[in-house]
Amino acid sequence: MLQDEIGSIMKYCHNLHPVKIYPDRIPQNMAIPSMYFPVPIVVSSGDTFSSYRNSYQLFIKVFADSTQLAHGRAHHIAEGIRQNRCIIPTIAPNGDLTGQYIRLNREIQTKALDEGVAQLSLKWDSRYAYDREVYQKMGKFFIEMVLKTWD
């Protein structure tokens with residue numbers, strides 16, 4: 001679910017900007033250039049009678065030798081996503097394409113954060129079915145009735 005979606009986004013971004021990726025945390029002696037994918041912000045809400053929606057926001061950090069380069073790389077990734085109509089192909093844990101896709105919201109933002117650091121902000125929604133109770137279905141239903149006759 002979420003891990004598959006983030007992994008797919010990581011792969012897509014890496015294809016556009018092939019650098020070292022840090023998915024957990026940034027080490028002190030990190031490589032430059034690189035990208036960091038933190039845990040996204042998650043907001044849950046109801047969606048339909050049979051599903052709920054999680055809205056995700058991911059703040060990817062792009063590191064380079066200068067702020068200008070970092071922002072340029074973040075913007076390049078954002079443009080690559082926009083040119084693909086904000087559609088990211090999903091990959092399985094083994095790296096194979098699943099034939100499914102994630103549609104990112106069009107509100108892709110890039111901004112310079114610090115010296116040599118830029119941020120790429122992505123948002124998307126995912127829908128999940130509610131768990132349903134499992135119960136024995138009714139096989140037959142019998143009604144016994146007595147009708148009065150009017151004489």
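Which helix and strands each supply at least two residues of the lining of the largest pocket? In this predicted model, the contributors are the helix α1 (2–16) and the strands β5 (87–91), β6 (97–103) and β8 (117–129). Among these, β6 provides the largest share, with five residues.

The pocket itself encloses about 160 Å³ of space. Its lining comprises 13 residues, and those nearest the centre are E5, T90, Q100, Y101 and I102. By character, the lining divides into five nonpolar, four polar and four charged residues. Rolling a probe the size of a water molecule over the atoms is what reveals such empty space.

The helix α1 deserves separate attention. Its 15 residues should span 21 Å at 1.5 Å a residue, and the C-alpha atoms at its ends are 21 Å apart, so the expected and modelled values agree. Several residues of α1 are buried, namely E5, I6, S8, I9, M10, Y12 and C13. E5 is thus both a buried residue of α1 and one of the residues nearest the centre of the largest pocket.

Strand β8, which also contributes to the pocket lining, takes part in an aromatic contact. The structure holds three aromatic pairs. One of them joins Y52 and Y128 in a tilted arrangement, with 5.6 Å from centre to centre and 35° between the planes. Because Y52 lies in strand β4 (residues 51–63) and Y128 in strand β8, this pair ties together parts that are 76 residues apart in sequence. Y52 counts as partly exposed, since its relative accessibility is 25%, whereas Y128 is buried, with a relative accessible area of 11%. Ring pairs also bring in Y130, linking Y52, Y128 and Y130 into a cluster.

Notes:
Residues numbered from 1 in each chain as written. Predicted model: local features only at pLDDT ≥ 70, side-chain atom pairs only at ≥ 80, totals over all residues. Heavy atoms only, no water. 1 Å grid on protein atoms, 1.4 Å probe; cavity = no way out; pocket = protein on both sides within 12 Å on 5 of 7 lines; lining within 4 Å. Points joined across faces, edges and corners; volume = space filled by probe spheres on them. Helix = DSSP H or I, 4+ residues; strand = E, 2+ residues; numbered from the N terminus. Nonpolar A, V, L, I, M, F, W, Y, C, P; charged D, E, K, R; others polar. Expected span 1.5 Å × (residues − 1). Buried < 20%, exposed > 50% of the residue type's maximum accessible area, 1.4 Å probe, protein only. Phe/Tyr/Trp six-rings, centres within 6.5 Å; stacked < 30°, edge-to-face > 60°.
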